[in-house]
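Subject: Structure handover

Hello,

Here is the structure I said I would pass on. Please open it first, then read the notes underneath.

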Amino acid sequence: IFEVPFVDAHPEFRCMARDGSTVDFLSYGYPEVQNFMIETILESARFGFDGVHLIFDRGQHLLFEAPVKARFDAKYGGDDFYRLPLDDKRIVDVRSEIIEEFLQKLRHALAAYAQAHGVKPMQVYMTAYFTLEDSLLDGFDMERFAAAGLIDGIIQAKMRVFENLEGVMAEDGLIDLAKYAKKAETEYV
């Protein structure tokens, strides 16, 4: 049930860790992944569902892959992209912007589907982490998405997300990537 040919056929669309290694989750930073997910949802729409529940509290959805870095560079510049903590406002902004664009495309696709089939557009719900602040670490600015009318509701998970940076910071206040990699060998970062 968990074998998805698209995932197997496209390792180039996977998330990437700070050190350039791949993570076994598809990245929403790639338009191809966004389109695949929207097509999958639209295939399910034929069953008459009245809503979509995006369960984004498991796994990774955006990390440090090329499209995320390119967007960061275009907006903020600098050489620190890989060394910034996930709670850095610039990282949060870029990641949230990408998810916001996905939600905009999804809303548009659902509206077009509803119009073509004479049905009401499906509602969109998202699962958030335990707090709104936790959700920001994964690029999910729930307040931003709700204010833009991109989600109809939020379902709170009992899960938290965090980045354990103890002992990996450099003197300049950014992440020391060598220390980060060493720590990641033995414990969850």
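Where is the place of Arg 83? Arg 83 sits in the loop between α3 (66-75) and α4. Please keep in mind that this is a predicted model. The side chain of Arg 83 comes to 2.7 Å from the backbone oxygen of Ile 175. Leaving aside residues up to four places away in sequence, Arg 83 touches Arg 18, Ala 170, Asp 172, Leu 174, Ile 175 and Leu 177. Ile 175 is thus named twice here, as one of the residues touched and as the owner of that backbone oxygen.

Next, the sheet. It is open, has three strands in the order β3-β4-β5, and its pairing is parallel. β3 and β5 (153-156) are the edge strands, each pairing on one side only. On average, neighbouring strands of this sheet are turned by 25° against each other, direction ignored.

The two pairings can be taken in turn. Strand β3 (residues 51-55) is joined to strand β4 (residues 123-128) by five bridges. Between β4 and β5 there are four bridges. Thr 127 can be followed across the sheet: Ile 55 stands opposite Thr 127 in β4, and Thr 127 in turn stands opposite Ile 155 in β5.

In a regular strand the side chains alternate between the two faces of the sheet. For β3, the covered face holds Val 52 and Leu 54, while Gly 51, His 53 and Ile 55 are on the uncovered one.

Which strands does α4 lie across? α4 lies across β3 and β4, and runs at about 150° to β4.

The same helix, α4 (residues 89-117), also packs with helix α2 (residues 31-45), at an angle of about 35° and with the axes 10 Å apart. The crossing of α2 and α4 is right-handed. From α2, the contact is made by Pro 31, Gln 34, Asn 35, Met 37, Ile 38, Ile 41, Leu 42 and Ala 45. From α4, it is made by Ile 98, Glu 101, Phe 102, Lys 105, Leu 106, Ala 109, Leu 110 and Tyr 113. Sorted by kind, the residues of this contact are twelve nonpolar, two polar and two charged.

In short, α4 has appeared in three places: after the loop that holds Arg 83, across β3 and β4, and in the packing with α2.

Regards

Methods: Residues are numbered from 1 along each chain as its sequence is written. This is a predicted model: local features need pLDDT of at least 70, side-chain atom pairs count only at pLDDT 80 or more; totals for chains, interfaces and linings use all residues. Side-chain values use heavy atoms; hydrogens and water are left out. Axes are lines fitted to C-alpha atoms, for helices over the stretch in contact, and angles run from 0 to 180 degrees between N-to-C directions. Helices (H or I, at least four residues) and strands (E, at least two) are DSSP runs, numbered from the N terminus. A crossing is left-handed if the near helix is turned anticlockwise from the far one by less than a right angle, and right-handed if clockwise. Contact means heavy atoms within 4.5 Å. Ala, Val, Leu, Ile, Met, Phe, Trp, Tyr, Cys and Pro count as nonpolar, Asp, Glu, Lys and Arg as charged, and the others, Gly among them, as polar. A polar contact is a pair of N or O atoms within 3.5 Å; within protein, one must be able to donate a hydrogen and the other to accept it, and residues adjacent in sequence count only if both atoms are side-chain atoms. Buried means under 20% relative accessible area, exposed over 50%, partly exposed in between (1.4 Å probe, protein chains only). Two strands pair if DSSP finds at least two bridges between them.
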